[in-house]
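Student: Hi, can we go through this model together? I'd like to start with one helix and then look at some backbone angles.
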Amino acid sequence: MWDYIAENAPFLAAYWWLIVVLGTTVVMAVLLAYFFFPAAAANRNRRQQQPPQAQGQQGVKRDGGTGPSDSAASSSKDDETTISSSRLRDDHPLVEFEDSKPDPSLAPPLHSPELPHVPYDFVRLSEAEMKRRSREFYHRMDKRRSIRNFSSELVPLEVIENIVRMAGTAPSGAHSEPWTFVVVESPKVKRQVREIVEREEYLNYDRRMGDTWVNNLKFVRTTHEKPYLEEAPFIIFVFKQSHHVGSDGTRHAHYYYEISTAIAAGFLLAAVHNAGLVAVTTTPLNAGVELRELLGRPDNEKVMLLLPVGYPAPDAKVPDVRRKPLKEIMVLK
């Protein structure tokens with residue numbers, strides 16, 4: 001066959017490679033035109049239909065600053081420092097919090113759009129009183145430390161109830177209050193909690209966390225063993241709810257449930273210390289599912305952290321660390 005072509009079509013035999021290259025190029029150009037240009041034209045038409053102020057929208061950072069949409073678009077979806085103020089251009093996808101987009105199949109919000117608004121009961125303080133209160137509260141909270149040596153002395157349940165009430169006053173997205181506080185006082189359940197946590201923490205310290213993480217914790221003198229989970233009279237579990245399930249099984253959306261529950265946990269810690277008690281934030285890796293099942297919580301709830309709460313042991317000690325001064329944590333513009 002090749003001899004026949006060489007004899008009767010010498011040009012084709014000499015430049016066959018060029019013909020193949022040109023043919024391939026033409027095919028690629030046709031495919032590119034078929035798939036790319038219609039999509040590009042559609043994007044261009046949609047942008048032209050947007051009002052001028054919607055084009056080139058700026059990304060908004062959590063600290064109040066602004067940045068170009070290209071920077072926002074290049075951020076990782078797991079990066080929770082940047083959200084979109086509105087709708088970015090079609091070729092710049094939104095960057096939002098993971099929990100800001102509830103399942104669209106969920107029912108409408110819990111609160112009616114017709115919910116009445118009432119006057120806010122505000123009592124204005126004098127400047128002197130504001131300064132006194134803020135100064136006293138700071139000095140009280142500055143004494144807060146994470147305690148890992150607890151007394152077994154009992155604490156009135158009413159105090160714990162008031163602490164949880166305080167945590168429940170935290171703000172939340174669309175007032176969804178996406179949290180559950182499970183209070184454990186049963187010695188049997190506390191023992192089970194400790195067994196679950198220590199089993200996972202052993203693996204964490206042994207292989208999951210890595211040498212750098214473990215070495216950075218040595219000044220705390222903590223290990224996988226958590227005796228305080230049994231010593232403290234109470235353990236308060238903080239659960240975050242991805243959505244609300246009504247008594248009839250209806251699912252309602254929760255917005256920003258991660259941040260909302262984290263704020264409530266901060267309120268909880270402040271309330272514990274304000275009541276004259278101590279705690280230690282405990283976030284055991286990979287133990288959440290077992291703990292949730294142990295406590296009989298539904299699948300829409302996930303363990304965020306747990307707080308052993310009580311009085312410090314008489315011989316309790318803490319690392320001699322110092323907090324950053326105001327100039328290192330506050331920026332005034």
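Tutor: Happy to; we'll take helix 7 and then residues with positive phi.
Tutor: This is a predicted model, where local features need pLDDT of at least 70, side-chain atom pairs count only at pLDDT 80 or more, and totals for chains, interfaces and linings use all residues. Residues are numbered from 1 along each chain as its sequence is written, and side-chain values use heavy atoms, leaving out hydrogens and water.

Student: How many residues are in helix 7, and what does it span?
Tutor: Helix 7 covers residues 187–208, which is 22 residues. From first C-alpha to last it reaches 29 Å, close to the expected 32 Å, where the expected span is 1.5 Å times one less than the number of residues. Helices here are DSSP runs of H or I with at least four residues, strands are runs of E with at least two, and both are numbered from the N terminus.

Student: Which of its residues are buried?
Tutor: Among them are K190, V193, R194, I196 and V197. Buried means under 20% relative accessible area, exposed means over 50%, and partly exposed is in between (1.4 Å probe, protein chains only).

Student: And what do the buried ones pack against?
Tutor: Strand 4 (179–184), strand 5 (234–241), helix 8 (210–216), helix 9 (228–231) and helix 11 (288–294); contact means heavy atoms within 4.5 Å.

Student: New topic: what is phi at E177?
Tutor: Positive, about 45 degrees, although E177 is not a glycine. E177 lies in the loop between helix 6 (157–167) and strand 4.

Student: Why does E177 count as partly exposed?
Tutor: Because its relative accessibility is 34%.
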